[in-house]
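Biologist: I would like to learn how to read a sheet in a model. Could we go through it step by step?

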Amino acid sequence: MSRNGLLIGASTVSVLIFAGCVAAPLGPEDEGTGRVRSTTSALTAEDCTSGTVGGKDQICHRTTSTTNAYTLVSVATQACVSAHTGHVGDFLAGASGCACVPHAASCTGVAVGCCNGEQCDAVSLTCQPASAPTDPTVTATIPVGANPYALAINRATNKIYVGNYGTGLEAGTVTVIDGASNATSTVTTGRGPTWAAVNTVTNQIYVTNYGTSPSPDYSITQIDGLTNAVTTIPVGPNPYFIDVNETTNKIYVSQYGWNPGTVSVIDGATRAVTTLSVTAQPENIKVNATTNKVYMGHVNGSITVLDGATNATTNISVGQRISGIAVNAVTNRIYFGLSDGSVTVMDGATNAITHINVYGGDPHVNTTTNKIYLTSGSGNNGSVIDGATNMVSTIPLNGPSNYMTLLPSLNRVYVSNAASTVGILDVVAGTTRTLTVGSSPTTLDANQSTNKVYVINSADSTVSVIE
């Protein structure tokens with residue numbers, strides 16, 4: 001969950017394995033639409049019938065063009081049956097349109113590859129996983145500093161940064177983990193390092209220092225990823241949440257709980273700081289680097305949209321405190337978890353909002369499948385939202401969960417629960433499993449380049465490595 005204060009979460013981690021579907025045993029389905037696919041080399045009448053949405057089928061029609069192998073056509077079901085069955089190379093469009101062939105779709109005679117790294121299976125003639133991933137295991141437990149809290153990963157350098165809050169009364173530290181060897185080094189920060197963000201382009205790491213006693217430490221510690229040299233950047237009161245726009249090299253810091261509200265904008269090239277006024281008590285903050293927009297949630301139940309080009313702001317009330325934010329830069333949709341467990345979806349182009357009645361925790365987006373996963377909060381089940389339809393399905397999480405990370409390449413989601421374990425859900429098979437980690441696991445993050453997941457165990461000051 002979004003850390004509103006310094007409460008350390010529960011004591012387990014659940015890992016969920018997914019392929020863009022809901023958590024129940026499924027047949028061959030399109031990850032984007034749930035449509036049943038043909039296992040032959042061409043569409044069948046059954047495909048056309050089962051794939052109908054609103055009386056229409058979206059078909060990727062094979063052309064003779066060498067530059068545009070497919071054209072997307074929308075036809076009535078009967079037209080699909082009469083004109084496209086038997087046409088080798090046609091398939092029903094999935095979440096990625098005609099750019100690739102969806103999971104379990106016919107893949108013989110097609111001119112594009114399978115989606116999500118899958119391969120054309122020689123037996124079923126459909127797109128299937130290249131190979132089954134090995135069962136995840138805890139491969140290392142790494143000691144870090146006292147009261148570890150912040151976690152960020154530089155996937156380009158394979159370095160993991162763990163902020164150690166300590167007591168908040170003295171200088172904190174960041175433990176830097178070499179992802180290849182698990183060797184560690186220590187960097188000194190300001191008091192109470194709480195949140196961290198990485199610019200993989202510049203190899204700079206930014207850590208908020210939230211400690212307030214014996215005197216306020218209103219600063220950001222900048223760490224050079226190459227040398228571990230540090231620079232202190234003064235900012236506004238109570239710096240807490242932070243995010244980076246790698247395209248513009250701007251860093252955005254919300255002044256947690258401060259009234260009147262402010263956000264600090266740091267120029268990554270010059271370290272110059274611009275302080276902007278926003279509505280009261282800003283908390284969560286997320287950047288959409290594609291549109292150069294920044295989204296903030298506030299204690300008073302409002303959302304601030306910041307234009308990164310002009311620093312102009314727009315305020316939108318949703319009536320509930322924002323518990324978490326996730327951005328799908330592909331669809332330009334922003335998902336706000338609310339304090340009552342529901343979700344508000346914003347259209348990034350218009351700022352129009354849609355409310356989804358679902359009970360869950362913070363949202364997390366898989367941009368490949370356009371699925372949005374929610375932690376379970378105090379319940380035993382989480383939820384998954386289909387980004388195309390806003391339809392909601394339930395996924396088992398083996399108990400209360402507050403923290404989540406996704407590993408799309410292995411079709412897994414990892415969630416922290418309450419018993420020093422990691423639960424694993426295979427969304428395609430509908431199966432779950434658990435792994436034992438350290439005491440009181442909280443924050444976790446995945447290195448998408450190495451397929452390793454790092455879990456902070458707050459009570460014993462360690463980090464578990466899962467691969």
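Modeller: What follows is a short talk about two sheets. Keep in mind that this is a predicted model.

Biologist: When do two strands count as a pair?

Modeller: Two strands pair if DSSP finds at least two bridges between them. Here, strand 14, residues 219–224, is joined to strand 15 by five bridges, and the two run antiparallel. Within that pairing, isoleucine 220 stands opposite isoleucine 233 of strand 15.

Biologist: In what order do the strands of that open sheet lie?

Modeller: The order is 12-13-14-15, four strands with antiparallel pairing. Strand 12 (193–199) and strand 15 (230–234) are at the edges; each has a single partner strand, so one side of each has no neighbour in the sheet. From one strand to the next, the twist averages 25 degrees.

Biologist: Now the other sheet. Which strands stand at its edges?

Modeller: Begin with the order, 7-38-37-36, which is again an open sheet of four strands paired antiparallel. Its edges are strand 7 (138–143) and strand 36 (441–447); a single partner strand is paired with each, so one side of each is left without a neighbour in the sheet. The twist here averages 20 degrees from one strand to the next.

Biologist: How many bridges join strand 37 to strand 38?

Modeller: Five bridges link strand 37 (residues 452–457) with strand 38 (residues 462–466), and these strands run antiparallel.

Biologist: Which residue of strand 38 stands opposite tyrosine 454?

Modeller: That residue is valine 465.

Key:
Residues are numbered from 1 along each chain as its sequence is written. This is a predicted model: local features need pLDDT of at least 70, side-chain atom pairs count only at pLDDT 80 or more; totals for chains, interfaces and linings use all residues. Side-chain values use heavy atoms; hydrogens and water are left out. Axes are lines fitted to C-alpha atoms, for helices over the stretch in contact, and angles run from 0 to 180 degrees between N-to-C directions.
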